[in-house]
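Hi everyone, thanks for coming. I'd like to walk you through a structure that will be new to most of you, so have a look at the screen.

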Amino acid sequence: MKVCVIYDTKKGSTEMIANWMRESIERKAEVRMMHVTKVDSLKDCDLVVIGSPIYYERPLKSVLKFLEQRQNELKGKKVAVFVVCMAGIFGHAGKTYAEKRYVGALIKRVPGKIIGTAIIRGWIRKPDFSQKVVVQKWIKELLKNLEVKS
Ligand SMILES: Cc1cc2nc3c(=O)[nH]c(=O)nc-3n(C[C@H](O)[C@H](O)[C@H](O)COP(=O)(O)O)c2cc1C
């Protein structure tokens with residue numbers, strides 16, 4: 001099984017988070033981590049994990065564009081999406097908002113089967129290492145679901 005982790009970042013936090021994902025996945029499956037502008041083919045990806053930071057209420061254009069341009073390749077794929085943002089600091093209401101608005105903007109462009117979503121708390125300056133556990137837990141669940149469903 002091969003998992004492809006695709007991301008973009010402006011200041012580096014989403015890249016660090018994608019790296020934590022890669023580390024967690026590589027204990028269980030083959031993994032490839034790719035910047036969204038450097039993805040060649042998705043042919044051998046059994047699971048596509050794609051994520052974006054949120055700036056001014058939206059995922060980055062590069063990620064939205066990728067999803068729109070790769071519709072044919074994504075069709076029939078298992079896909080998991082994540083956003084990196086600060087909305088989580090506003091508690092339950094912030095998470096609900098982020099799920100609807102930020103995660104929603106990604107999922108509505110995914111023609112494949114969504115098997116998981118996550119909202120990861122980002123940061124502005126210093127890395128928030130508490131999020132590493134959140135990432136590890138999400139990946140563990142994701143791979144477990146994949147085993148059950150495939
Ligand atoms: C100029 C700016 C605008 C932002 N806008 C939002 C926003 O609308 N909603 C949100 O939840 N977080 C927002 N954030 C927080 C970022 O999503 C967060 O810092 C994230 O970790 C940045 O990811 P990156 O380091 O991968 O670029 C904003 C951050 C900055 C600096």
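I'll start with the overall fold, then go to the core, one helix, the ligand, and a few residues on the outside.

Before anything else, please keep in mind that this is a predicted model.

Okay, the fold. The chain has 5 helices and 6 strands. If you read along the sequence, the pattern goes β-α-β-β-β-α-α-β-α-β-α. Now, the radius of gyration is 14 Å, and the globule rule gives 15 Å for 150 residues; those two are close, so the chain is as compact as a globular protein of that length. To picture the dimensions, imagine a box of roughly 35 × 30 × 25 Å along the principal axes, filled by the C-alpha atoms.

How much of the chain is buried? Of the 150 residues, 37% count that way. And take the contacts with a separation of 6 or more: 77% of them are between residues 24 or more positions apart.

Next, the inside. The largest nonpolar core has 42 residues, and the ones touching the most other members are Val5, Met21, Val48, Val49 and Val83. Quite a few elements each put at least two residues into this core: strands 1, 3, 5 and 6, along with helices 1, 2, 4 and 5. Which one gives the largest share of the core? That's strand 5, with 7 residues.

Let me stay with Met21 for a second. If you ignore its neighbours within four places in sequence, Met21 is in contact with Val5, Val49, Val135 and Ile139. Met21 is also one of the buried residues of helix 1.

So let's look at helix 1, which runs 13–25. What span should we expect for its 13 residues? At 1.5 Å a residue the answer is 18 Å, and the end C-alpha atoms are 18 Å apart, so the two agree. The buried residues of this helix are Ser13, Thr14, Met16, Ile17, Ala18, Trp20, Met21, Ser24 and Ile25.

Two names from that list come back at the ligand. There are 18 residues around the ligand, and Ser13, Thr14, Pro53, Cys85 and Gly122 come nearest. Helix 1, strand 3 (47–55) and strand 5 (78–85) each supply at least two residues of that shell. Strand 3 has the largest share, 3 residues. And what classes of residue make up the shell? We get 10 nonpolar, 5 polar and 3 charged.

Now over to the loop between strand 3 and strand 4, where you'll find Tyr56. Its phi is near 50°, which is positive, and this isn't a glycine. Buried or exposed? Tyr56 counts as exposed, because it has 4 C-beta neighbours inside 10 Å.

Glu57 sits in that loop between strand 3 and strand 4 too. Glu57 also has a positive phi, near 75°, and again the residue is something other than glycine. With 11 C-beta neighbours inside 10 Å, Glu57 counts as exposed.

Last stop: Lys137, in helix 5. Why does Lys137 count as exposed? Because it has 12 C-beta neighbours inside 10 Å, and the cut-off for exposed is 12 or fewer. If you want a distance to try on the screen, go from Lys137 to His92: they are 45 residues apart in sequence and 19 Å apart in space, C-alpha to C-alpha.

That's the tour, and I'm happy to take questions.

How values were computed. Residues are numbered from 1 along each chain as its sequence is written. This is a predicted model: local features need pLDDT of at least 70, side-chain atom pairs count only at pLDDT 80 or more; totals for chains, interfaces and linings use all residues. A residue is near a molecule or strand if its C-beta atom, placed from the backbone, lies within 6 Å of it. Helices (H or I, at least four residues) and strands (E, at least two) are DSSP runs, numbered from the N terminus. Ala, Val, Leu, Ile, Met, Phe, Trp, Tyr, Cys and Pro count as nonpolar, Asp, Glu, Lys and Arg as charged, and the others, Gly among them, as polar. A nonpolar core is a set of buried Ala, Val, Leu, Ile, Met, Phe, Trp, Tyr and Cys residues joined through C-beta atoms within 7 Å. A residue is buried if 20 or more other C-beta atoms lie within 10 Å of its own, exposed if 12 or fewer, and partly exposed in between; C-beta atoms are placed from the backbone. Two residues are in contact if their C-beta atoms, placed from the backbone, lie within 7 Å. The expected span of a helix is 1.5 Å times one less than its number of residues. The radius of gyration is taken over C-alpha atoms; the globule rule is 2.2 Å times the number of residues to the power 0.38.
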